[in-house]
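Here is a brisk tour of the local features in this model. Keep the sequence and the 3D view open as you read.

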Amino acid sequence: MEQFRIQGGRKLRGEVRISGAKNAALPAMAAALLTREPVHLKNIPHVRDIVTMAKLLAHMRCRVESPDIPPSAFTIQAETVSHAEAPYELVKTMRASVLTLGPLLARFGRARVSLPGGCAIGARPIDLHIQALEALGGEISVDHGYVQARAERLRGARVRFPRITVTGTENILTAAALAEGETILENAALEPEIGDLAELLVKMGAKIEGAGTPTIWIEGVKELHGTEHTIIPDRIEAGTFLVAGAMAGGEITLTHCAPHHLGALIAKLRECGVDIRCDAADNSILRVRAPKKLLAADVITQEYPGFATDMQAQFMALATQAEGVSHIREAIFENRMLHAVELLRMGANIHIEGNSAVVTGPTPLTGAPVTASDLRASASLVLAALVANNTTTIDRVYHIDRGYERIEEKLRGLGASIERVSPSGS
Ligand code: EPU
């Protein structure tokens, strides 16, 4: 299994290009199942989850092609789909496979998708996806670990999510786009990835209004067509580099990002004393400069536009270097504090109680062998290692490869000492 070996203490300086958003690209790829015509998607990040989604679509006999290696664009054509099925082998490595459920059921009237099961950050059920698809007329059963869904044609309905769900909102958007009649989706997720998916669907001929607000209106159409779409920038990758700059800059310039998707994080980092500026001439450029002294701040994770759960682990790494006491509470997932235990091994002063952490800083971190438990936890360990004394070895970096494109190359470009190594015997 590959590892990262990071020698801490280098100041980061320079420019980094932000990739397309994994969590926008995944539903966009699944949405290509809604039409027999080709869908061209650009600004696709080259990360492992995207490769898994491409494999899943190919398994369903879709044509998945890319003009370049590694792929930064895909043409996906689901002219016919012979297996309306997402098998366990693929779903277990990527929960977002569940995003194929809505499109398959809406277009082919049947779907068989493995239940994702739990993951490192929590149980993560899909009961809300299932209830909402049932409200649209889907007949759904769960058998032998698979969700089996059938419908002659889905019918529009008024659906209210009892709790906000991002991929749940995406599944219902895609399903309702081909349903008969009107769907009104209440308490929908507001994440920018929802707006991006709606924009793609509208280009494909869907009738959707209100995406990005809590109530989305969808008038189903009989057929959708092919189109071309550019995926929005990855706000979590951008956020991770902002934290890197705040902890280990120098000054870093982020290009090709969407600063308006980063409001809560930028406000919090400014509270910590970090200097972040938008470029006056180009609104896709952000500059971050580390302060002489970082200050502690409290964080509670929330749905967008609140502070993203996907940035909680990285913020905790920053809090170890900030003066004072930071209270961090994870309010979206039940078990997203595993990185804290690894940060403790590097010398951090963190007291964990359930879903809350009290971080007292600043503490000098020392390099240690640590293990990544999930995607964002691994990013927080990389950030901690960048400021630690000596060498940190991070095990199981396949987690980080799921969602960060060439992170070690990007960090090396900024002056970090980071290499990917394969320990002998693995
Ligand atoms: N939930 C239920 N039932 C459901 C669906 C969700 O109880 O049917 C609960 C979840 O267990 C969780 C909360 O509702 O406690 C919110 O979960 P949500 O459904 O919004 O999460 P998701 O759609 O599975 C997406 C991102 C995650 C991100 C969350 C929250 C994708 C592919 N994944 O997951 O991204 O953390 O929204 O913003 O979009 C990551 O990129 O590292 C990542 C985990």
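## Cis peptide bonds

Gly 250 is found in strand 15, residues 249-255. In this predicted model, the peptide bond from Gly 249 to Gly 250 is cis. Its omega is near 15°.

A cis peptide bond also joins Tyr 304 and Pro 305. Here omega is about 15°. Pro 305 sits in the loop between strand 18 (299-300) and helix 10. Most peptide bonds are trans.

## Positive phi angles

Most residues other than glycine have a negative phi. Arg 396 is not a glycine, yet its phi is positive, about 60°. Arg 396 lies in the loop between strand 23 (391-395) and helix 13 (398-401). With a relative accessibility of 37%, Arg 396 is partly exposed, because that class runs from 20% to 50%.

Arg 406 is another non-glycine residue with a positive phi, about 45°. The loop between helix 13 and helix 14 (407-413) holds Arg 406. Its relative accessibility is 38%, so Arg 406 counts as partly exposed. Arg 61 has a positive phi too, near 75°. Arg 61 follows helix 2.

## Helix 2

Does the length of helix 2 fit or miss the expected span? Helix 2 covers residues 48-59, twelve in number. The expected span counts one less than the number of residues, so at 1.5 Å a residue helix 2 should span 16 Å. The C-alpha atoms at its ends are 16 Å apart, which agrees.

Which residues of helix 2 are buried? They are Asp 49, Ile 50, Thr 52, Met 53, Ala 54, Leu 56 and Leu 57. These buried residues pack against two helices and three strands: helix 1 (22-31) and helix 3 (88-91), plus strand 4 (63-65), strand 5 (73-77) and strand 6 (85-86).

## Helix 10

Helix 10 spans residues 312-319 and is mostly covered. Eight of its eight residues are buried. They are Gln 312, Ala 313, Gln 314, Phe 315, Met 316, Ala 317, Leu 318 and Ala 319.

## The ligand site

How many residues surround the ligand? The shell holds 21 residues. The closest are Asp 127, Thr 165, Thr 167, Asp 310 and Ile 332. By class, nine residues of the shell are nonpolar, five are polar and seven are charged.

Oxygen atoms of the ligand make several polar contacts. An N or O atom in the side chain of Asp 310 is 2.6 Å from a ligand oxygen. For Leu 128, a backbone N or O atom lies 2.8 Å from an oxygen of the ligand. An N or O atom in the side chain of Arg 163 is 3.2 Å from a ligand oxygen. Taken alone, the ligand exposes 830 Å², and the protein buries 89% of that. Helix 1, helix 5 (127-135), helix 6 (166-177) and helix 12 (375-387) each give two or more residues to the shell. Helix 5 provides the largest share, three residues.

## Strand 1

Gln 3 is found in strand 1, residues 3-7. Is Gln 3 buried or exposed? Its relative accessible area is 15%, and the cut-off for buried is under 20%, so Gln 3 is buried. Leaving out residues up to four places away in sequence, Gln 3 touches Thr 393, Ile 394, Asp 395, Val 397, Glu 419, Arg 420, Val 421 and Pro 423.

Phe 4 is also in strand 1. With a relative accessible area of 0%, Phe 4 is buried. Beyond its neighbours within four places in sequence, its contacts include Val 382, Ile 394, Val 397, Ile 400, Ile 407 and Ile 418. Phe 4 and Ile 418 are 414 residues apart along the chain. Their C-alpha atoms are separated by 6.6 Å.

## Gly 273

Gly 273 lies in the loop between helix 9 (263-271) and strand 16 (275-278). Its relative accessible area is 35%, so Gly 273 is partly exposed. Gly 273 and Lys 293 are 20 residues apart in sequence. In space they are 7.3 Å apart, C-alpha to C-alpha.

Note on methods. Residues numbered from 1 in each chain as written. Predicted model: local features only at pLDDT ≥ 70, side-chain atom pairs only at ≥ 80, totals over all residues. Heavy atoms only, no water. Helix = DSSP H or I, 4+ residues; strand = E, 2+ residues; numbered from the N terminus. Buried < 20%, exposed > 50% of the residue type's maximum accessible area, 1.4 Å probe, protein only. Contact = heavy atoms within 4.5 Å. Near = heavy atom within 4 Å. Polar contact = N/O pair within 3.5 Å; in protein donor to acceptor, adjacent residues only side chain to side chain. Areas by Shrake-Rupley, 256 points an atom, 1.4 Å probe, with all protein chains shown as cover. Nonpolar A, V, L, I, M, F, W, Y, C, P; charged D, E, K, R; others polar.
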